[in-house]
Amino acid sequence: MPFNGFSPLISSQLQYLLNHFPHTIQIEQAWSGTRYFPGSLDRFTLLIPYCLDYIKWDIIYNAEFPLAAPDVIFGPEDDGFHPFLVVGREEGDSRLVKNSLTDWNNKDPSRLLALVMELRDKYRSYQERRVGEVDDDRLKFEISTIISREGIEMHMSSGVEKPGEVKFAVPLMDMNINKMVLGCPWSHPQKIYLQVIYPVGRKYAPAISAPRLKLMCTPELKALFSIDEVKLPAWLDGMCMAEYLPHLEELLQRQVLEAVTLIDVRRQFIEALSPVIGRPLEADPVFCRKASFLVCSGPFTFLVHFFLSTQFPKQRPSLMFQSIQHFNSLGMPVKSPLITEYLWSPRWEPSQMAERMSDFLVDESLNFKRHCNESQLQH
């Protein structure tokens, strides 16, 4: 599908980039740089994932010269990044190297993807070089112990306003989570990372302390596994990353395997509801996180939406009632607030959970019917 406002040549390259880039890439903004083709967009800002954050690069095409290669403008903090310039040993000895721009073909939709991927690889090497030049013995030791791990990214930030720091993005666990989920809908591999941040450049810093640590993951993984529920192991005095990571990975591996088994636990609960309140009208077939049922209480008919967290059955389902007979002033169905308080035990068998839920729905339906009638009287 073409992007509105872009020429077909630029549109096809953008589409190819978004569909084939190995990570989720975004367009932050787009604008026109020509007065002769008003409304014709020919430049845009890309948000490119790097080191668990985004780098912003402006891609500048020229609508007046559609066959020309685009220019790329990097962020102001990367004024030392010259990816296609090789500086020789002699002063003033520098040359351009062959790259994705030298044989540019605007009619090839894959060219922009090749350019962005090449630049990102060079940016990664540039940041590794910057980090390697930091005069910090502890940091140099940390790098020496983990540099052999595949996929590590690092970033050096510094400025007048804030103290310098080095950020590491460390991919964890060599396991294919996508293959563990039956009917997996994910288009990108799901990963868990440890973000490690070391302060640098502090000549009079206090005694060595633990780095700042944070678990992060690809966004889609949250449908299966809640990173926020993971308690990180303690970082002991004198510990380095090479010692810390195996303990963390062992913990995560157990929890991810448990999260996969909990899909079946949620599925069994939803299936156990069918004999007592009827088959679901709609249900999440992959992660079993949501299900909707049509329920009747005498002549009163309503929907019940079940929302199951990744912590089910430790955490009880949240419920929402929705009338199919009562509407507010905007013509929208009347709904209940989210219901999270009722009798529940994670130790019950699925059949007992379903029976107790059915009893609760019978009692709560009276309160919801009263709520619906009062809502209509107010309008």
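## Exercises on a predicted model

In this predicted model, 39 residues line the largest pocket, and H23, L52, K191, Y193 and T218 lie nearest its centre.

**Exercise 1. Describe the lining of the largest pocket by element and by residue class.**

*Solution.*
Step 1. The space in the largest pocket amounts to about 1,100 Å³.
Step 2. Two or more lining residues come from each of β2 (43-50), β3 (53-60), α2, β8 (165-172), α4 (177-180) and β10 (212-217).
Step 3. With four residues, α2 gives the most to this lining.
Step 4. By class, the lining holds 19 nonpolar, nine polar and eleven charged residues.

**Exercise 2. Classify the aromatic pair formed by Y123 and Y126, and place both residues in the chain.**

*Solution.*
Step 1. The structure holds 26 aromatic pairs. For Y123 and Y126, the ring centres are 5.9 Å apart and the planes meet at 45°.
Step 2. Planes under 30 degrees apart would count as stacked and those over 60 as edge-to-face, so an angle between these limits is tilted. The Y123 and Y126 pair is therefore tilted.
Step 3. Both residues belong to helix α2 (residues 111-132); because they are three residues apart there, about one helical turn separates them.
Step 4. Y123 has 0% relative accessibility and is therefore buried. Y126, at 7%, also counts as buried.

**Exercise 3. Determine the geometry of the F312 and W344 pair and the parts of the chain that it links.**

*Solution.*
Step 1. The ring centres of F312 and W344 are 5.8 Å apart and their planes lie at 50°, so this pair is tilted.
Step 2. F312 is in the loop between β13 (300-307) and β14 (318-327), whereas W344 is in the loop between β15 (333-335) and α6 (350-378). The two residues are 32 residues apart, and their pair links distant parts of the chain.
Step 3. F312 and W344 are both buried.
Step 4. One aromatic cluster contains both residues, together with F269, F293, F306, Y342, W348 and F360.
Step 5. Y342, a member of that cluster, has the charged end of R316 over its ring, 5.7 Å from the ring centre.

**Exercise 4. Locate D42, decide whether it is buried or exposed, and identify the backbone atom that its side chain approaches.**

*Solution.*
Step 1. D42 lies in the loop between β1 (26-31) and β2.
Step 2. The relative accessible area of D42 is 0%, so this residue is buried.
Step 3. A polar atom of the D42 side chain lies 3.0 Å from the backbone nitrogen of G33.

Key:
Residues numbered from 1 in each chain as written. Predicted model: local features only at pLDDT ≥ 70, side-chain atom pairs only at ≥ 80, totals over all residues. Heavy atoms only, no water. Phe/Tyr/Trp six-rings, centres within 6.5 Å; stacked < 30°, edge-to-face > 60°. Buried < 20%, exposed > 50% of the residue type's maximum accessible area, 1.4 Å probe, protein only. Lys NZ or Arg CZ within 6 Å of the ring centre and 35° of its normal. 1 Å grid on protein atoms, 1.4 Å probe; cavity = no way out; pocket = protein on both sides within 12 Å on 5 of 7 lines; lining within 4 Å. Points joined across faces, edges and corners; volume = space filled by probe spheres on them. Nonpolar A, V, L, I, M, F, W, Y, C, P; charged D, E, K, R; others polar. Polar contact = N/O pair within 3.5 Å; in protein donor to acceptor, adjacent residues only side chain to side chain.
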